[in-house]
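Me: I should like to learn how to read the features of a structural model, one at a time. Please give the general idea first and then the case at hand.

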Amino acid sequence: MRNKVQKILNKIRPYIQMHGGDVFLVNTKNGIVTIKITGTCAYCSLSNITYNNMLRDILKEEIPEFKKIIIKT
């Protein structure tokens, strides 16, 4: 699962970097993905919504064992 998540993050990273941020995989365990966001995205009031919606949808679609995403700043 870790490799699948990393590939997805690598695909969306350029979009995030265009907005002054970055995203890193912290952990995958029991279907739970933990990521860390940095840069301007970490302090944007809408980033949690954006990351939750965008990433959750992609992960649900591409990784059947995905259950939940946790975002750290």
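**Reading the model**

Reply: The secondary structure of the protein chain comprises two helices and three strands, where helices (H or I, at least four residues) and strands (E, at least two) are DSSP runs numbered from the N terminus. Their order from the N terminus on is α-β-β-α-β. The radius of gyration of the protein chain, taken over C-alpha atoms, is 11 Å, close to the 11 Å that the globule rule (2.2 Å times the number of residues to the power 0.38) gives for 73 residues, so the chain is as compact as a globular protein of that length. This is a predicted model, in which local features need pLDDT of at least 70 and side-chain atom pairs count only at pLDDT 80 or more, while totals for chains, interfaces and linings use all residues. Residues are numbered from 1 along each chain as its sequence is written, and side-chain values use heavy atoms, with hydrogens and water left out.

Me: What is the mean pLDDT of the protein chain?

Reply: pLDDT is the predictor's confidence in each residue, from 0 to 100. Its mean over the protein chain is 88, and 99% of the residues reach 70 or more. Among the elements, strand β1 (residues 21–29) has the highest mean, 93, and helix α2 (residues 47–62) the lowest, 83.

Me: How should strand pairing be read, and how many bridges join β1 to β2?

Reply: Two strands pair if DSSP finds at least two bridges between them. Here β1 and strand β2 (residues 32–39) run antiparallel and are joined by eight bridges. Phe 24 stands opposite Lys 36 in β2. The two strands form a hairpin with two residues between them. On its other pairing, β2 runs parallel to β3, with five bridges; Val 33 has Ile 69 in β3 as its bridge partner.

Me: Which residue in the turn has a positive phi?

Reply: That residue is Asn 30, with a phi of about 50 degrees although it is not a glycine. Asn 30 lies in the loop between β1 and β2. Its relative accessibility is 61%, so it counts as exposed (over 50%; buried is under 20%, and partly exposed lies in between, with a 1.4 Å probe and protein chains only).

Me: How does one read the faces of a strand, and which residues of β3 are covered?

Reply: In a regular strand the side chains alternate between the two faces of the sheet. In strand β3 (residues 68–72), Ile 69 and Ile 71 make up the covered face, whereas Lys 68, Ile 70 and Lys 72 make up the uncovered one.

Me: Is Thr 34 buried or exposed?

Reply: Thr 34, found in strand β2, is buried, with a relative accessible area of 11%. Contact means heavy atoms within 4.5 Å. Leaving aside neighbours within four places in sequence, the contacts of Thr 34 are Phe 24, Leu 25, Val 26, Asn 27, Ile 70 and Lys 72.

Me: What is in contact with Arg 2, leaving aside its neighbours within four places in sequence?

Reply: Arg 2 belongs to helix α1 (residues 2–18) and is in contact with Leu 25, Val 26, Asn 27 and Thr 28. The C-alpha atoms of Arg 2 and Asn 27 are separated by 7.6 Å, although the two are 25 residues apart along the chain. Arg 2 counts as partly exposed, at 39% relative accessibility.

Me: Where does Arg 13 lie?

Reply: A charge sits over a ring if NZ of Lys or CZ of Arg is within 6 Å of the ring centre and within 35 degrees of the ring normal. Arg 13 lies over the face of Phe 24, at 5.6 Å from the ring centre.
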